[in-house]
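Me: I'd like to talk through a structure with you, going from one spot to the next. Can you take my questions as they come?

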Amino acid sequence: MPAGRSQRQISCAVLLTVLCILLACQSAIASKSYTGRRISASSQRKAGSYRADLVSKQETCEKPHFVDWAVWEHGCVHERNVCLDQGVFIVFQDKVKPGKNYTGSQLFDTGGAFYNMPGYLDNLKGTKTAYRQPAFRTNTHRDPPDILDPVFNKCELPLIWWPWWPFNAGDFTLASAAPLHAMLQEGIVDRNVKFTPVLDGLRMPEYIDWELQPFSNFKIETLDDISSRERSGARCWENMLLCKPHGLWNRRPDWMKQAWHHFLKFGDFGQQVVEYYRKHLPVIHKADTTFKVAFIERHHKRRIENYNDLLEWCNTKLELPAGSRFTEVDCVPLNLDHADRYLQTLAEMQTIDVLVGSHGAGLINHMFMRKGTAFIEIVPCGFDGEFHDDSFQVPARVQNFQFGFKLTIVSPMLCSRSEAELGDPDVLSREDWVRGSFLRDQDVTVDTNSLADLFQRILSLNGSAEAFINATAARPDFAVLRQ
């Protein structure tokens, strides 16, 4: 075969191979483009659905009520015409647009707000974590489609807040739930508020939903939830509140000359939560003549070392006073470690006459007990003081729906040093309060005579708030016993 012909055949073969490769690439690109268009179309249909639902509700929904001039007194600022995109606040106002009227893009300061890293002891290095400052910007032509042409929701009022220590149920109630409830009680907002915690991408604890849902017509969702692009078409609001509620930790400014619990009605909060869920509570039978005492179990730190002995003593040797309406005693263990048993816990609280436990989040459940009941807070050696009373004793005294008693251990022989104090000091935070946590986390031994004395004082009240107020006025140490 002539050499020229052979070379032409090889050239044709190479050309055919190149053409085949090009056709295959074009086919792959087309397929990928089609898949992309299909996904994009699906997202657009979803966004269109959200948008259509929102538009249809706008004309008939009940508009949120809020008192614009009063929200600042509760640690909030009001912003108008705001969209959210993946945690970013997009503000349709001249004050954030570059140019003559620009005043700055930091519209809210979260300084001083911290969350506790869930799953870690609170006194370890790194557990106390500052929230990131929120990002604000103006709208631009490069925004996602639903924000380029926004429909501002007039039916909901998002109240977005940075909760202090949200992964501790007690701190959440005192620093977030009770203050937000107070805003409704005072008429600052109504039930068309949408409670929206910022949790830096972490999953919301169940108790946040359970404690706040009774006070809102809308689902409790995090900032990450409502700003997700999965919700395109419904991420813009006509009005929005950004808050650091005044409560146990974010205290009212000194110039307000108001106690940290001003406006807060812990008793009302607890009773209203119970009433909201009452028809869903499991039935737990308890005779009116039974004096029921529940001892909170703790399996690490702040343990009652003679816990089982106390239960046995309480059930076999506690004597009821003559003339008491109670004829028998039932002392039971109470495990509060299972967050998913909220309804069971509420039902249990409704049957308890006295709740006994070491200083800790479990005692916050006294707010869900019946009126005229009591709790005993056991305080370890060296931890007593007015500041620590703010956790349970002070909230209880606001309305005296439940009566707060305190057993303070003073004998060093009855307190055991905490594991944190005995452990590796290099793992601990260097903040001053950590020394106090060593005292807080001691295990204790409770004297039965002291406990019996407090039970007798409680029984003498016969469930009367007036009797409790009179007794503590006549004798300031009536509700406190030192052991």
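Me: Is Glu431 buried, partly exposed or exposed?
Reply: In this predicted model, Glu431 has a relative accessibility of 32%, so Glu431 counts as partly exposed, the class that lies between under 20% for buried and over 50% for exposed.

Me: And which residue forms a salt bridge with Glu431?
Reply: Lys128 does, and the closest N and O atoms of the two are 3.0 Å apart. Lys128 is in strand E4 while Glu431 sits in the loop between helix H11 (419-422) and helix H12 (433-440), so the pair ties together parts that are 303 residues apart in sequence.

Me: What about Lys128, how does its accessibility class come out?
Reply: Lys128 counts as partly exposed, with a relative accessibility of 27%.

Me: How many salt bridges does the structure hold?
Reply: There are 27 salt bridges in the structure.

Me: Let's look at Glu348 then. Which residue is its salt-bridge partner, and how far apart are the closest N and O atoms?
Reply: The partner is Lys292, and the closest N and O atoms of this pair are 2.7 Å apart. Glu348 belongs to helix H8 and Lys292 to strand E9, so to speak of sequence, they are 56 residues apart, and the pair links distant parts of the chain.

Me: Are those two buried or exposed?
Reply: Glu348 is buried, and Lys292 is buried as well.

Me: Which residues are joined into one network by salt bridges that share partners?
Reply: Asp85, Asp146, Arg229 and Arg235 are joined in that way.

Me: Back to H8. How many of its residues are buried, and which ones?
Reply: Helix H8 covers residues 342-349 and is mostly covered, with 6 of its 8 residues buried. Those are Tyr342, Thr345, Leu346, Ala347, Glu348 and Met349.

Me: What do the buried residues of H8 pack against?
Reply: They pack against two helices, H4 (206-212) and H6 (266-277), and against two strands, E9 (290-296) and E10 (328-334).

Me: Now the salt bridge of Glu221. Which residue does its side chain meet?
Reply: The side chain of Glu221 meets that of Arg231 in a salt bridge, at 2.8 Å from N to O. Glu221 lies in the loop between H4 and helix H5 (223-226), and Arg231 in the loop between H5 and strand E8 (236-243), with their positions 10 residues apart in sequence counted as the separation.

Me: Buried or exposed, that pair?
Reply: Glu221 counts as buried at 10% relative accessibility, and Arg231 counts as buried at 18%.

Me: Switching to the core. How many residues does the largest nonpolar core have?
Reply: The largest nonpolar core has 77 residues, and those with the most contacts inside it are Phe89, Leu159, Ile160, Trp162, Phe195, Leu212 and Leu355. Helix H3 (residues 169-185) supplies the largest share of this core, 8 residues.

Me: What is Trp162 in contact with?
Reply: Leaving aside neighbours within four places in sequence, the contacts of Trp162 include Phe89, Phe108, Tyr131, Pro134, Leu242 and Cys243.

Me: Where is Tyr131 found, and is it buried or exposed?
Reply: Tyr131 is in the loop between strand E4 (128-130) and strand E5 (136-138), and Tyr131 counts as buried because its relative accessibility is 6%.

Me: Which backbone oxygens does the side chain of Tyr131 reach?
Reply: A polar atom of the Tyr131 side chain lies 2.6 Å from the backbone oxygen of Pro163, and the Tyr131 side chain also reaches the backbone oxygen of Val198 at 3.5 Å. Tyr131 and Thr110 are 6.9 Å apart in space, C-alpha to C-alpha, and 21 residues apart in sequence.

Me: Last topic, the surface. Which residues make the nonpolar patch of about 470 Å²?
Reply: Trp69, Trp72 and Trp255 make that patch. Trp69 is in the loop between helix H1 (3-58) and strand E1 (76-85), and Trp69 is exposed, with a relative accessible area of 65%.

Methods:
Residues numbered from 1 in each chain as written. Predicted model: local features only at pLDDT ≥ 70, side-chain atom pairs only at ≥ 80, totals over all residues. Heavy atoms only, no water. Core = buried A, V, L, I, M, F, W, Y, C linked by side-chain atoms within 4.5 Å. Buried < 20%, exposed > 50% of the residue type's maximum accessible area, 1.4 Å probe, protein only. Helix = DSSP H or I, 4+ residues; strand = E, 2+ residues; numbered from the N terminus. Contact = heavy atoms within 4.5 Å. Patch = residues over 30% accessible without salt bridge, like charges linked within 9 Å, V, L, I, M, F, W, Y side chains within 5 Å. Areas by Shrake-Rupley, 256 points an atom, 1.4 Å probe, with all protein chains shown as cover. Salt bridge = Lys/Arg side-chain N within 4 Å of Asp/Glu carboxyl O. Polar contact = N/O pair within 3.5 Å; in protein donor to acceptor, adjacent residues only side chain to side chain.
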